Structure formats: structure tokens, C-alpha cells
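Me: I'd like a close look at a single part of this structure, with its surroundings, rather than a tour of everything. Keep it informal, but give me the cut-offs behind the terms.

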Amino acid sequence: MLAALTFIDKPPESAAALASWFEKHLVAPGRMRRPAYVTEGFSKQVALGLHAAADPDEVELHELVEAARFRVLSSLRAFMPPAADDRFLAAAIDEGRVRRAGDAALWEPCPREEDLLSDIVLSLFAADILNYREFHDAYLCVCKTCLRIDFDPSRSGRTGCPEHQPTATVSVMRRSRPPL
């Protein structure tokens, strides 16, 4: 979960930073092999590590990371009530990006280097949600204003982060003539 939240809260801004994120959170712990490239489907591949150009296209990388981030956050927003759309969980299971861990009751992420960047990040969320479904059902909040993820059990509404709390709207009736 830390890897996924790190990607969302502090998105990598360079090929080196993205390669470092992969190394720290996925490659070193043995979750996946080091990817040579990342893509988000719409974009051309952006090389990482040894395959990275001396001056990689940072604009393309930024657009790719932001598109991946947006897809992940949109999937998480759709997962929240009232929609409760958990198709990304089924896709992660069906496509083998999560699997049962040694204990049959636990799930672990197992993304592949050829997966879309968003699918890699979604596999991290999917494993945690499958392991702690009740917690996520009760507390996951993705702010509808800034798309920040929050898990504050003391707040109700789950539509805003601490900076964008939901506000009550008051319906005001207009009168056609002034009061007597």
C-alpha cells in the first residue's frame, strides 16, 4: 500500500525517479522484474534505467504518469459507495496481477513489467483492498475536488479531503413579490 500511496501522493517526475520507485517498492522486494519501459496505452514507451536516453522526453513521461495516476484514482473513486464498482479488482485477479499469498486468505501483488503503469499501481491497491476489504469499504476516500486519497475514520461523507470538506448547500426559494 505504501508503494501505491507514494506513487499517487508524490508522482515520479523523471525517468530516474520512476526507476527508483520501481526498484524500491517492486523490484527489491521481489514483486516484479525491473521494467525496461513503461507505457499507458495511449503513449509511446518511455525507457527506464539502462534503456533511458540521455535526455528522456520528460513531457511524455509526465503525461504518462499523470494519465496512470488519473486512471488509478478514477478506479478508486468508482470503487467507493454508492457505485461500488470493483471491476479493477476482478481484472487484477483475472489477469494475474494479484495472486493468493502463502496463506490462502491473503493476496499479494504480482505485476509484470509489460503491464500498463496504471495496472501496476492498481495491482498494489487491489492486493491491499482484497486483504482489508472492510477497512477500504468503510474508510477509503478519494476527494472529488483534488483526487487526494484519505482514510480518516472520523469524517463522514467521504467525498472530500481535509482541505475540501463537503459543504451543505441551502436551497433558497425566490419570491415573486415582496413580503407584506
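The part I'm after is helix α3 (residues 58–79).

Reply: Sure, with the ground rules up front. This is a predicted model, so local features need pLDDT of at least 70 and side-chain atom pairs count only at pLDDT 80 or more, while totals for chains, interfaces and linings use all residues. Residues are numbered from 1 along each chain as its sequence is written, and side-chain values use heavy atoms, with hydrogens and water left out.

Now the setting. The protein chain has six helices and six strands, where helices (H or I, at least four residues) and strands (E, at least two) are DSSP runs numbered from the N terminus. In order from the N terminus, that reads α-α-β-β-α-α-β-β-α-α-β-β. Of its 180 residues, 38% count as buried; buried is under 20% relative accessible area, exposed is over 50%, and partly exposed is in between (1.4 Å probe, protein chains only). Contacts, meaning heavy atoms within 4.5 Å, often reach across the sequence: among those with a separation of 6 or more, 49% join residues 24 or more positions apart.

On to α3 and its partner α5. Two packed helices are described by the angle between their axes and the distance between the axes. For α3 and α5 (residues 117–131), the axes come within 8 Å and cross at roughly 30°. Those axes are lines fitted to C-alpha atoms, for helices over the stretch in contact, and angles run from 0 to 180 degrees between N-to-C directions. The crossing is right-handed, which means the near helix is turned clockwise from the far one by less than a right angle (anticlockwise would make it left-handed).

Who makes that contact? On the α3 side it's Leu64, Val65, Ala68, Arg71, Val72, Ser75, Leu76 and Phe79. From α5 come Leu117, Ser118, Asp119, Val121, Leu122, Phe125 and Ile129. Sorted by class, that's eleven nonpolar, two polar and two charged residues. The classes go like this: Ala, Val, Leu, Ile, Met, Phe, Trp, Tyr, Cys and Pro are nonpolar, Asp, Glu, Lys and Arg are charged, and the others, Gly among them, are polar.

Arg71 and Asp119 from that list turn up again in a network of salt bridges that also takes in Glu95 and Arg97. A salt bridge here is a side-chain nitrogen of Lys or Arg within 4 Å of a carboxyl oxygen of Asp or Glu, and the total by this rule is 13.

Next, the α1 side of the story. Helix α1 (residues 2–9) has Ala3, Ala4, Phe7 and Ile8 as its buried residues. They span an arc of only 130° around the axis, so they sit on the same side of α1; the arc is that of the directions from the helix axis to the C-beta atoms. Those buried residues pack against α3, and also against α2, α5 and β6 (149–150).

Seen from α3, Arg69 is one place to look. Arg69 lies in α3, and at 17% relative accessibility it counts as buried. Leaving out residues up to four places away in sequence, Arg69 touches Phe7, Ile8 and Pro11. Glu66 belongs to α3 too, but at 29% relative accessibility this one counts as partly exposed. Between Glu66 and Ile8 there are 9.2 Å from C-alpha to C-alpha, with the two 58 residues apart in sequence.

Then there's a visitor from a loop. Phe42 sits between β1 and β2 (46–47) and is exposed, with a relative accessible area of 52%. Neighbours within four places aside, Phe42 is in contact with Glu63, Leu64 and Ala67. Leu64 is 22 residues along the chain from Phe42, and their C-alpha atoms are 8.4 Å apart. Leu64 is also in the list of contact residues between α3 and α5.

So what does the close look leave you with? Helix α3 meets α5 in a right-handed crossing, the buried residues of α1 pack against α3 among other elements, and the loop residue Phe42 touches Glu63, Leu64 and Ala67.
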